[in-house]
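The following exercises invite the reader to examine the arrangement of strands and nonpolar cores. Each task is followed by a worked solution.

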Amino acid sequence: MAHTNAGCRYSVYSESCMPGISIFPRLTPTSEKDRPERLLLLCYFDHRGISTVPQNISFLQRTSKFEVDVYNFAGCEAPFRLPASFDLTAYVGIVLHNSLAYNVDNLRELDENLAVRFKDYEGVKVVFKQDENYKVRGTARYLGENRFDLIFTCLPENEREKVYPRDVVGDVEFFRMLTGYVTPDLRDNLVSRFGNEERDIDVGYRGSLQPLDFGRLCYEKRTIGWDFLTATQGMGLRMDISSRWEDRFSGDDWLRFMCRCKAMLGVESGASIFDLDGDVARAIAEYDVTSTLDKTSREYAEGLLQHIVQFEGNVYYNNISPRHLEAAAAKTLQILFEGEYSNVLVPGKHYVELKRDFSNVEQVVAILRDDAARTAIVEAAWRDIIAAPTYWIETFVARFDERIEAQIAKKSWAQPAIQLAPLRKDRINVLLLCSHYPDRDPRIKWLQKNAPDEIVVHVLGVDGGPRDQVIVERDASIGYTIVAPRPYNHLLTLNSILSEERPEGTAFEEALFLGWLESMPAEHISHAYGISRIYSIANTRDIARYFLNTAGVLADLGGRIRGIDAIIACDLETLLPAALIKHRLGVPVMYDAHEFWPDSNDAFMPAEFELWQKFERRLLPYVDDAVTVTRGLASFMSSFYGRQFGTLPNCEPLEAVDTLSQASSNRAFELEREEDQVAFLVQGNFAIGRGFEILIDIWNQVDKRAKLFLRGPDSSYKASLIERARSNESLDTRIVFPAAVPESALVAAASHADVGIIPYEPKSINNRYCGPNKLSQYMAAGLPIMSNRLESVAEVLHEGDCGFAVDFTNLADVIHCVNTLTADAALRKRLGANARVHFSAHYNWNAVAKTFYADVLALAESRKDIDKRVSANEPSRIRAAVPIITLKQETESQAQPPAFVSGPVWRGARAIWRMIPTRVRNAFRGRVHGILIFLVKRL
């Protein structure tokens, strides 16, 4: 048992429950349901007491289509108050359970600490009420003052106005419920679990001691046991009957006791007196003034009940009890006083009726002793009540959901802002995760827009800006693009992630690591990881918080989408949520590492590098296949991590060439220069370590006909480069900083230059093996390329014979290369033409991504046969201001698809396949792919 929050939240499991089902609710948030909206249920139960209350809450929580967060006030000091950290606006509704709402005094200060009080809360407000005879008027006033929407009541319709006057409670909706329902636990053959063939007790009973002001109906819970013992004296019955508190059973002991009994006594639940205006309390006070009887005696009780007899039946509140359902489940004969029992139990069919004057007790005992007659009654009770879905907890929860949905529909703020059509069932649906707005990285768009016909790529991104709503673009046929706001409370995010039931050794441990790292004191971070700089410690915490919040929203949204066949995780930031979604949906993960993340920050110290490479290393076992941007980086990461990485270069699609026709007519792309000047262009983001300083410092030394254009978005670093050029007296003469252009126009804009430059310094692993977008953009634009000596770039330039790779640390060579390209127009023309040819034939997205899409298809199809897939049938809903998306869940048999199988044989085969030269693989890909799919489907 795990305890948190001063005893208010915990999770306990019982062996007596059905496999995988807890008799106790989970008191931490989850993200597993069809609908995204959350309900907050407030309750009070003792985990050591009778299990009925927590069990019914548990089944409501687990079977509702809504996410239900449960908060238990047991162990908390009165007055009960929710912590100030609760944000009611995060919930579509609040439910006050009858275990807490029994006494209205428990409710008055619940919202004392909250920024939004119940009265002002615009969500759905619901109360479950039983024992409605207690503090009647105070309860009605509370519900009216706080504008409750829905009351689940045990009162029949014709009695409600007496207890809940309309002029007090307002325009509230009522729904009648029973005091209990048949849970799967009760349907799970109690007799075989707890019973014995002998049933060594003829008649059993445990009565409860209810206050006398509740009326004679409650008093009968004691008297039926006493009087039955008297009436059957000398009949030779083996009986275990008591109304003492110390003789009561809890948990499984009660069910075990019931299964030992051939018969159980019983009366209706409820109360026969309601003190509507205080008259009953005054009458009892009058009686006590004159009475000299012992208040524990039966004489006192009978006298008092006679004194207040005029109030008997002032509200009809007789109900069936959960004990009647339990007895029916235990196949124990019920001997019950006359009553209606909520029109569920029928006398003579489901129970033996006992007259209140015991005039028929001999006939009752005769039926008890007649095995055939007793068996006929208990079997009928089982068939009509336990086995019939009418009284199942699942049926009640479905009706509960219907009423909540109806209330939500009345509130405009809760209406779905967007509806999503189901995913296509005739395609492989791939979910691509990115940690930013998708437009920031053209590779995301390339992956989605250029997928083959068999695959639809849906993009799920996160925006860290001020946006507070989910944005959905495109559609199910061409692939959704969904962007959600990133949450900022990492501890609540961690709580949500860790609330799911999970086996050990899963990615949940990495979420816990991030939460632990973010919260660790500075001196502990320094001691544990050797990170001593104050800046580095703060940066480590920031990264952990960023990773955790990103994982929270992506795992929450992505894990709700049914019909997804595979995941693409873009960069390390999305690898944890991809692993979490894989755990939930059982789908394979393709890791698309755009860089070697642990070396992505030049400010990282060795200890930080060590920390984050270990984090990535621990997540890689959850990956089924992996690629990165160049062969050089793939080789490095394969060796470093000991697992195979493939290659998917950053290349513009072939359609990029189509934009060139627009270039000549767009004056915004023009580069101002003299007729004899040669335009050298660096295009892209300005970042430290990309060699800009080298170019600026040498440019006064190169041929004066060479003019340098540095184009990219504004930033503080760009401003420092402008100042550097100004100090060198080359700004606006030899070096120009033209305005940035949209990403979609980069190829067209580049075509106005004469030479493209890639000046990255190979000081880091990522730069050394980089494959920047600008390489293919320059090639598509038909530019010759001058690059620093970068391994993968040099490889492409050599294969395409389209440029030079020069060591930028040798300034003389750099100057010579610039001068050569400036002076030789024919050379520029030849290299530029070669660049365009190599781009069109080999180095474009359509060509380089074929292997990648085939690998994704193989992963997805190995999970399940596409022809047998069943997709969602109803639209998804995204509620405004809540970053959630959901599609209707598939049937139970499909909701948890089998885990993706990726055994050593498959991994070994793929490793060997990757060792074969690319041209050979391309020649035989179709046949090999078909053979692999054939084999995998039969594993």
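**Exercise 1: Strand E20 and its partners**

Five bridges join strand E18 (residues 455-463) to strand E20, and the two run parallel. The model is a predicted one.

Task: Determine which residues stand opposite Thr481 and Ile482 of E20, and whether the residues of E20 are buried or exposed.

Solution. Begin with E18: its residue Val459 stands opposite Thr481 in E20. Next, take strand E19 (residues 471-473), which is joined to E20 by three bridges and runs antiparallel to E20. Here Val472 stands opposite Ile482. Finally, consider burial, for which the relative accessible area must be under 20%. Five of the five residues of E20 (residues 481-485) are buried. In a regular strand, side chains alternate between the two faces of the sheet. In E20, Thr481, Val483 and Pro485 point one way, while Ile482 and Ala484 point the other way.

**Exercise 2: The open sheet**

Task: State the order of the five strands in the open sheet and identify which strands stand at the edges.

Solution. The order is E10-E9-E11-E14-E15, with parallel pairing. Strands E10 (239-242) and E15 (352-354) each have a single partner strand, so one side of each is left without a neighbour in the sheet. Within the sheet, E11 (residues 261-266) pairs with E14 (residues 333-337) over four bridges. One bridge partner pair is Gly266 and Leu336 of E14.

**Exercise 3: The cores**

Task: Find how many residues the largest nonpolar core has.

Solution. The largest nonpolar core has 116 residues, and Phe396 is among those with the most contacts inside it. A second, separate core has 64 residues, including Val462 and Ile537.

Methods:
Residues numbered from 1 in each chain as written. Predicted model: local features only at pLDDT ≥ 70, side-chain atom pairs only at ≥ 80, totals over all residues. Heavy atoms only, no water. Pairing = 2+ DSSP bridges. Core = buried A, V, L, I, M, F, W, Y, C linked by side-chain atoms within 4.5 Å. Buried < 20%, exposed > 50% of the residue type's maximum accessible area, 1.4 Å probe, protein only.
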